[in-house]
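The following paragraphs lead through a single protein chain, from one residue to the sheet around it and then to the parts of the chain beyond. Please keep the sequence and the structure in view while reading.

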Amino acid sequence: MEAFTTLLVLLMKVLVCAASPPPDIPSTSQDLVVATDEMARANYFSFVMLINMSPLDQRFQGNVTFLMPKDRILSKIRMHQNAVSDFLLRHSIPSPLLFDHLRHIPPGSLIPSSDPDYMLNISNKGRKSFFLNNVKISSPDLCTAGSSIRCHGIDGVLLVATDRNPLPACSNSTSPAVVATPPSPSLPFPDIPSFPSSAPPPGAAAPTDQEHNPKHSASSQLESLSLGGLLRFLATSILVLNARVLSI
């Protein structure tokens, strides 16, 4: 009987050890279960899905504030599964903060996210104009039932530093310089010798036979004579013709 009792105790110990999870694998905390239920009731189903896709991380189990983009915003984002944890780290603060705690932080302050290399800049212009890195908190205090997890709805995605700070325009880039073309040196023209109006310039064509023709000369003279001169010219021409006829 004593041996049977000892065997039963050993069997119970084995069953208890088998039922308990290994010490190095954390289990989902009760606060996270409560918080995801509150998120789902507020219609942040996509963010709940990201939490369920992420590996079990102690940083998400408690003492954390989640910053949740709306479903319509997350539906436009393509994300690899291995990037889910980094996304959640940027969209969480390693402390459970209600909105009343956040709005008492001085504007311009930097608070760390769960990613130690990613900071959140506070811009506070009132309850309806509270921004973290230019992303507005639109639905504060959605997770309040648990003791160590808070969550707020936001109107955008908290981008990584390279996307948030685009490269500035190159300050020393200049438009192509317009090089002024120097004026062409003016070539001196050779002096053209002046000639008397009666003598043709050198190289001019020699007078043709037509210019030595008396008829052509007479017609040229007719253009330059006045009416009286024209009458005298006609009379002279008639006398010359008569003399030629008589000579014949």
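Which backbone nitrogen lies 2.7 Å from a polar atom of the side chain of Thr65? The backbone nitrogen in question belongs to Leu97. The coordinates come from a predicted model, and every value below is computed from them.

Thr65 is a convenient point of entry. Thr65 is found in strand β1, and its relative accessibility of 0% means that Thr65 counts as buried, since the limit for that class is under 20%. Beyond its neighbours within four places in sequence, Thr65 is in contact with His91, Ser92, Ile93, Ser95, Pro96 and Leu97, and also with Arg150 and His152. Two of these partners, Arg150 and His152, are residues of strand β7, and Thr65 thus leads directly to the sheet.

The sheet is open and is formed by seven strands, in the order β2-β1-β7-β6-β5-β4-β3, with mixed pairing. Strands β2 (92-93) and β3 (110-112) stand at the edges; because each has a single partner strand, one side of each is left without a neighbour in the sheet. Helix α2 (residues 30-41) packs on this sheet, where it touches β1 (64-69) and β7 (149-154), and the direction of α2 makes about 25° with that of β7.

The mixed character of the pairing can be followed strand by strand. Strands β1 and β7 run parallel and are joined by six bridges; within this pair, Phe66 has Cys151 of β7 as its bridge partner. On moving to β6, the sense changes: β6 and β7 pair in the antiparallel sense over two bridges, and Ser139 has Gly153 in β7 as its bridge partner. Strand β5 (residues 130-132) and strand β6 (residues 135-139) likewise run antiparallel, joined by two bridges. In this pair Phe131 stands opposite Lys136, while Leu132 stands opposite Val135. The connection between β5 and β6 is a hairpin with two residues between the strands, and Asn133 in the turn has a positive phi of about 50°.

Strand β7 deserves a closer look. In a regular strand the side chains alternate between the two faces of the sheet. In β7, Ile149, Cys151 and Gly153 point one way, whereas Arg150, His152 and Ile154 point the other way. Are the residues of β7 buried or exposed? Six of its six residues are buried, and the strand is mostly covered.

Cys151 of β7 also takes part in a cross-link. Cys143 and Cys151 form a disulfide, with their sulfur atoms 1.7 Å apart; the distance criterion of 2.5 Å yields a count of one disulfide. A disulfide is a covalent bond between the sulfur atoms of two cysteines. The link of Cys143 and Cys151 is right-handed, with 80° about the S-S bond. Both ends of the link are enclosed: Cys143 counts as buried because its relative accessibility is 0%, and Cys151 counts as buried with a value of 0% as well.

Further buried residues are found in helix α3 (residues 45-53), namely Ser46, Phe47, Val48, Leu50 and Ile51. Their cover includes helix α2 and strand β1, together with α4 (71-74) and α5 (84-90). Strand β1 and helix α2 therefore appear in two settings, since α2 touches β1 where it packs on the sheet and both help to cover the buried residues of α3.

For the chain as a whole, there are 10 helices and seven strands. Of its 248 residues, 26% count as buried. Among contacts between residues at least 6 apart in sequence, 61% join residues at least 24 apart.

These values should be read alongside the confidence of the prediction. The chain averages a pLDDT of 73, and 54% of the residues score at least 70. Two of the stretches with pLDDT under 50 are residues 14-26 and residues 164-198. The model has two contacts beyond four places in sequence for residues 14-26, and five such contacts for residues 164-198.

Note on methods: Residues numbered from 1 in each chain as written. Heavy atoms only, no water. Pairing = 2+ DSSP bridges. Helix = DSSP H or I, 4+ residues; strand = E, 2+ residues; numbered from the N terminus. Contact = heavy atoms within 4.5 Å. Axes fitted to C-alpha atoms, helices over the stretch in contact; angles between N-to-C directions. Buried < 20%, exposed > 50% of the residue type's maximum accessible area, 1.4 Å probe, protein only. Polar contact = N/O pair within 3.5 Å; in protein donor to acceptor, adjacent residues only side chain to side chain. pLDDT = per-residue confidence, 0-100.
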